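Here are some friendly notes to read alongside the structure. Take the points one at a time, and keep the picture open as you go.

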Amino acid sequence: MEDNMAKKKKKELTPNDIMKLEIAKEIGLMDKVEELGWGGLTAKETGRIGGIMTSKKKKRKLEDAKKQL
């Protein structure tokens, strides 16, 4: 089991992974993620992270579009 965990930790983080970690820290779920993994979160907690990610992506997309004008 530890070998499997070590392999997962070697994976390079994508921008989405980084955003997900930042949001988990912001809303106070990082301890739970570190202890139980992402699968240890409730559907409500996971949905909250996803919703915040979506709104941040939309906001970023709008800001990028305004810069191009």
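Leaving aside its neighbours within four places in sequence, which residues is Asp17 in contact with? Once those neighbours are set aside, Asp17 is in contact with Lys11 and Glu12. Please keep in mind that this is a predicted model.

1. **The overall layout.** Start with the whole chain, which has four helices and zero strands. Reading along the sequence gives the pattern α-α-α-α. Of the 69 residues, 17% count as buried. The chain exposes about 6000 Å², and carbon and sulfur atoms supply 55% of that area. Now think about contacts between residues with a separation of 6 or more: 44% of them involve residues 24 or more positions apart.

2. **Asp17 and its partner.** You will find Asp17 in helix α2, which covers residues 15-26. Is Asp17 buried or exposed? Its relative accessible area is 14%, and buried means under 20%, so Asp17 counts as buried. Asp17 also forms a salt bridge with Lys11, and the closest N and O atoms of the two are 3.0 Å apart.

3. **Helix α2 from end to end.** Helix α2 has twelve residues. From its first C-alpha to its last it reaches 16 Å, close to the 16 Å expected at 1.5 Å a residue. Its buried residues are Asp17, Met19, Ile23 and Ala24. Try looking down the axis of α2: these buried residues fall within an arc of 160°, so they line one face of the helix. On the other side of α2, Pro15, Lys25 and Glu26 are exposed. The buried residues of α2 pack against α3 and α4. Just after the helix, Gly28 takes a positive phi of about 80°.

4. **The nonpolar core.** A bit of background helps here: in soluble globular proteins, nonpolar side chains tend to be buried together. In this model, the largest nonpolar core has ten residues: Met19, Ile23, Ala24, Ile27, Leu29, Met30, Val33, Leu41, Ile49 and Met53. The elements giving two or more residues to this core are α2, α3 (30-36) and α4 (43-68). Which element gives the largest share of this core? That is α2, with three residues. One core member to click on is Met30. Leaving aside its neighbours within four places in sequence, Met30 is in contact with Leu21, Ala24 and Lys25.

5. **Helix α4.** Does the span of this helix fall where we should expect, or away from it? At 1.5 Å a residue, the 26 residues of α4 should span 38 Å, and its end C-alpha atoms are 37 Å apart, which agrees. Within α4, Glu45, Ile49 and Met53 are buried. The buried residues of α4 pack against α2 and α3. Ile49 and Met53 also appear in the nonpolar core described above.

6. **A glycine to look at.** Gly50 is in helix α4. Gly50 has a relative accessible area of 28%, which makes it partly exposed. Along the sequence, Gly50 and Ile23 are 27 residues apart, while in space their C-alpha atoms are 9.2 Å apart.

7. **The salt bridges.** How many salt bridges does the structure hold? There are three, and one of them, between Lys11 and Asp17, came up earlier. Another joins the side chains of Lys56 and Glu26, at 3.0 Å from N to O. This pair links distant parts of the chain, with Lys56 in helix α4 and Glu26 in helix α2, 30 residues apart. Lys56 is partly exposed, with a relative accessible area of 29%, whereas Glu26, at 52%, counts as exposed. Glu45 forms a salt bridge with Lys32, where the closest N and O atoms are 3.0 Å apart. Glu45 lies in helix α4 and Lys32 in helix α3, so the pair ties together parts that are 13 residues apart in sequence. Lys32 has a relative accessibility of 26% and counts as partly exposed, while Glu45 is one of the buried residues of α4.

Conventions. Residues are numbered from 1 along each chain as its sequence is written. This is a predicted model: local features need pLDDT of at least 70, side-chain atom pairs count only at pLDDT 80 or more; totals for chains, interfaces and linings use all residues. Side-chain values use heavy atoms; hydrogens and water are left out. Buried means under 20% relative accessible area, exposed over 50%, partly exposed in between (1.4 Å probe, protein chains only). Contact means heavy atoms within 4.5 Å. A nonpolar core is a set of buried Ala, Val, Leu, Ile, Met, Phe, Trp, Tyr and Cys residues joined through side-chain atoms within 4.5 Å. The expected span of a helix is 1.5 Å times one less than its number of residues. The arc is that of the directions from the helix axis to the C-beta atoms. A salt bridge is a side-chain nitrogen of Lys or Arg within 4 Å of a carboxyl oxygen of Asp or Glu. Accessible areas come from the Shrake-Rupley method with a 1.4 Å probe; for residues, only the protein chains shown count as cover.
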